[in-house]
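I opened the notebook to go through one chain, entry by entry. The plan was to look up the fold, the sheet, the cores, the salt bridges and the surface.

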Amino acid sequence: MENSTHFKVFRLAAYGEIGQMKYCYFAVVTVLYFVIILANALLIGVICIERSLHEPMYLFLCALFVNQLYGSTALFPALMFYLLSDTQDISLLYCYLQIYVLYTYALTEFSNLAVMSYDRYISICYPLQYNNIMTPKIICGLILLSCLSSFFLNAINISLSLRLQFCGNILDRVYCDNYSVYSACSNTTLNNIWGLVGTVVYIYCTICPTIYSYVRILQICLKSSKETKQKAFNTCTPHIASMLNFFFGWLFVILQGRYETADLPPILRTILFVYFLICPPLFNPLMYGVRMVQIRHACKRAILDSHTDIETHASSVLDYIHINNVTTHKLKKTFPNQKPCMNREVKTRKKASRCKHDHKLRIEEHFNNNSDPRHMWQGIQAITDYRPKKNYSHSQRHLHLR
């Protein structure tokens, strides 16, 4: 291709403005990357292990955290490498791979947030039909649709950019972005048309459903009780905050690509350019872990389980359980003048006192070794102090009455 014969590498000029502060920046970037991996991996593990979190909302959160690890991995290793490297040249192949990963991360993030807003809409507006609507197949389909649609759209975008001829190979960025690379000398009409169509379709499929979902949630909350409003507020606040956080970060990238920002300090320009790749993966796990009660409790249990053994759990359980106080019984409905139908499964309902311990042993022996109902009945009579009414004959009754 014509562009590959002209330039096989690009130079990331933003690293040249860092100077002697590169070691300090390297330490900060390393700590941030470690915290992002730790926080996101912890919540992914907790959601996967804890069965109480196997619900649609938490599964969508798990997909969100996986995507944030995916996007962070496209930036931070390269960022740490170029901060300490003497040269900031990046190959054409790796540059397009970085563009593809970062843009798929961005579109998948928007899609996941839109799916989460739809889930909140169904949960609050249609609580009785929620389990019938959000089935496992629907959940898997929405997650796969979010990923595959972004992969497909960006594959077309990259294929259209590869045919262009570049005017230069100097990028005033810390990573490759599509707009800086294909600011080409050749005709970009087809790329602009595809970009416009793709943007309109994606806004229609993600942002519009999100706005509609929250308008309906607001209408339902205005008519609901205070408890329902509080529950909706607790579940929707982290989602709204993460959505606005990512939206403004992506807006900074678009504005810097379309307008001249040379008047801004280099460090501020770089921070704004990497904001959508650092802040959402860093703050979303902390925000969801703090705001959502079930995730917070599950994280505490996971941390406690990692520091205690089975003997500690067994001793703590035995402290609250007293075997002598545990009794099993089976209720049997009877009628007057009718002996209950006794068999081996019948359990005594009344606890025998200490003085009747021998009778209790005797009745257990009868239950275990003798299947004769008469012996069982006699044992129960001894335990319960049951005395049948005396049946008098006609003559005896007459004398008794006299």
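Entry 1, a cut-off. I call a residue buried when its relative accessible area is under 20%, exposed when it is over 50%, and partly exposed in between. Asp119 has a relative accessible area of 1%, so I enter it as buried. I also note that this is a predicted model.

Entry 2, the whole chain. I counted 16 helices and three strands. Of the 402 residues, 37% count as buried. I looked at contacts with a separation of 6 or more, and residues 24 or more positions apart account for 76% of them. The chain exposes about 25100 Å², and carbon and sulfur atoms supply 63% of that area.

Entry 3, the sheet. In what order do the three strands lie? I read the order as E2-E1-E3, in an open sheet with mixed pairing. The edges are strand E2 (89-91) and strand E3 (170-171), each of which pairs on one side only. Strands of a sheet pair through backbone hydrogen bonds, in the parallel or the antiparallel sense. Both senses turn up here. E1 and E2 pair in the antiparallel sense over three bridges, while E1 and E3 pair in the parallel sense over two bridges.

I then went through partners. Val9 stands opposite Ser91 in E2, and Phe10 stands opposite Ile90 in E2. On the E3 side, Leu12 has Leu171 as its bridge partner.

Entry 4, the faces of E1. In a regular strand the side chains alternate between the two faces of the sheet. I checked E1 for this and found the alternation: Phe10 and Leu12 point to one face and are buried, whereas Val9 and Arg11 point to the other and are not.

Entry 5, salt bridges. How many salt bridges does a search of the whole structure find? It finds three.

- Arg11 forms a salt bridge with Asp89, with the closest N and O atoms 2.9 Å apart. This pair links distant parts of the chain, since Arg11 is in strand E1 and Asp89 is in strand E2, 78 residues apart. Arg11 has a relative accessible area of 43%, so I enter it as partly exposed. Asp89 has 30% and is therefore also entered as partly exposed.
- Arg120 and Asp119 meet through their side chains in a salt bridge at 2.9 Å, N to O. Arg120 has a relative accessible area of 7%, so it goes down as buried. Asp119, at 1%, is buried as well.
- Asp177 and Arg173 meet through their side chains in a salt bridge at 3.6 Å, N to O. I have both Asp177 and Arg173 as buried.

Entry 6, the cores. Which residues touch the most other members of the largest nonpolar core? Of its 44 residues, I have Phe10, Cys95, Ile99, Tyr175, Val181 and Phe276 in that place. The elements that give two or more residues to this core are strand E1 (9-12), H2, helix H3 (56-84), helix H4 (92-125), helix H9 (226-258) and helix H11 (275-291). H4 gives the most, with 11 residues. I listed the contacts of Cys95, leaving out residues up to four places away in sequence: Phe10, Ile90, Leu171, Cys176 and Val181. Another core lies apart from this one and has 33 residues, among them Cys221, Cys236, Tyr288 and Ile295.

Entry 7, His239. I placed His239 in helix H9. Is His239 buried or exposed? Its relative accessibility is 1%, so it counts as buried. Not counting residues up to four places away in sequence, His239 touches Leu113, Met116, Ser117, Tyr214 and Tyr288.

Entry 8, Leu53. Leu53 sits in the loop between H2 and H3. Its relative accessible area is 0%, so I enter this loop residue as buried. Beyond its neighbours within four places in sequence, Leu53 is in contact with Val46, Ile47, Tyr58, Gln294, Ile295 and Ala298. I looked up one of these pairs further: Leu53 and Ile295 are 242 residues apart in sequence, yet 7.7 Å apart in space, C-alpha to C-alpha.

Entry 9, the surface. Val31, Phe34, Val35 and Leu38 form a nonpolar patch there, with about 380 Å² of accessible area together. Val31 belongs to helix H2 (residues 22-49).

Technical notes. Residues are numbered from 1 along each chain as its sequence is written. This is a predicted model: local features need pLDDT of at least 70, side-chain atom pairs count only at pLDDT 80 or more; totals for chains, interfaces and linings use all residues. Side-chain values use heavy atoms; hydrogens and water are left out. Patches are made of residues with over 30% relative accessible area and no salt bridge: like charges are joined within 9 Å, nonpolar side chains (Val, Leu, Ile, Met, Phe, Trp, Tyr) within 5 Å. Accessible areas come from the Shrake-Rupley method with a 1.4 Å probe; for residues, only the protein chains shown count as cover. A nonpolar core is a set of buried Ala, Val, Leu, Ile, Met, Phe, Trp, Tyr and Cys residues joined through side-chain atoms within 4.5 Å. Buried means under 20% relative accessible area, exposed over 50%, partly exposed in between (1.4 Å probe, protein chains only). Contact means heavy atoms within 4.5 Å. Two strands pair if DSSP finds at least two bridges between them.
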